[in-house]
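Please open the structure in your viewer and keep the sequence beside it, since this tour moves from one selection to the next.

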Amino acid sequence: MVLSTQAKVVEILSPQELRRTANRLASQIVEKTPLVSRLALIGIYTRGVPLAHMLARQIEALEGVAPEVGALDITFYRDDLDRIGLRTPVKTYIPFDLTGKTVVLVDDVIYKGRTIRAALNAVNEYGRPESIRLAVLVDRGHREVPIHPDFVGKQLPTAKDEIVKVFLHEVDGRDGVELIGD
């Protein structure tokens with residue numbers, strides 16, 4: 001979608017609300033993870049990576065155990081490169097074996113589900129996790145594949161022509177979530 005000069009921007013999460021939402025996500029992950037010591041958070045580039053680190057810090061504050069954190073680039077696993085255009089791959093950083101771990105894939109927004117499908121394929125190259133779960137900051141609906149997040153910060157029904165934009169300080173210099181539409 002090309003933004004017009006008349007695009008309407010609605011704040012969905014303020015910086016404080018984003019922080020509280022991430023804290024709630026971290027608490028949900030802890031509640032559903034029997035052994036936090038076997039937990040690994042894998043952020044999907046771009047904004048899933050700093051979000052995974054944010055969740056890891058909160059989990060450590062809650063449990064006294066810091067989960068391992070990795071970063072996953074799914075560029076070469078996508079099935080829609082012809083539609084989304086060329087992308088410069090980023091280096092995947094998973095310096096530990098995922099075998100036997102509870103892996104939580106972390107992304108900022110889930111929409112059609114194709115990014116997560118690609119991430120599931122990519123994760124298999126780094127071991128065989130005991131289980132794989134999905135945590136997203138915003139679920140905006142409109143799935144094209146049967147993928148559903150286990151942990152959701154905010155359910156946000158959207159129109160297909162709207163854009164959900166997540167801002168994280170580490171990438172954008174500010175925190176927040178906005179809905180952009182006409």
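Begin by selecting Thr-33 in this predicted model, together with Leu-39 and Thr-102, which are the residues that Thr-33 contacts once its neighbours within four places in sequence are left aside. Now colour the chain by secondary structure and look at where Thr-33 sits, which is in the loop between α1 (15–31) and β2 (39–44). Is Thr-33 buried or exposed? With a relative accessibility of 4%, Thr-33 falls under the 20% cut-off and therefore counts as buried.

Next, select the whole chain as a cartoon, in which 5 helices and 8 strands can be picked out. If you follow the sequence from its start, these elements appear in the order β-α-β-α-β-α-β-α-β-β-β-α-β. The radius of gyration of the chain is 16 Å, close to the 16 Å that the globule rule gives for 182 residues, so the chain is as compact as a globular protein of that length. Along the principal axes, the C-alpha atoms fill a box of roughly 50 × 35 × 30 Å.

With the whole chain still selected, turn to its contacts: of those with a separation of 6 or more, 71% are between residues 24 or more positions apart. Buried residues make up 47% of the 182 residues.

Finally, switch to a surface view, where the chain exposes about 9,500 Å², with carbon and sulfur atoms supplying 49% of that area. Colouring by charge brings out 24 positive and 25 negative charges, whose mean positions lie 2 Å apart.

Note on methods. Residues numbered from 1 in each chain as written. Predicted model: local features only at pLDDT ≥ 70, side-chain atom pairs only at ≥ 80, totals over all residues. Heavy atoms only, no water. Helix = DSSP H or I, 4+ residues; strand = E, 2+ residues; numbered from the N terminus. Rg over C-alpha atoms; globule rule 2.2 N^0.38 Å. Buried < 20%, exposed > 50% of the residue type's maximum accessible area, 1.4 Å probe, protein only. Contact = heavy atoms within 4.5 Å. Areas by Shrake-Rupley, 256 points an atom, 1.4 Å probe, with all protein chains shown as cover. Lys, Arg positive; Asp, Glu negative; His and termini not counted. Charge placed at Lys NZ, Arg CZ, Asp CG, Glu CD.
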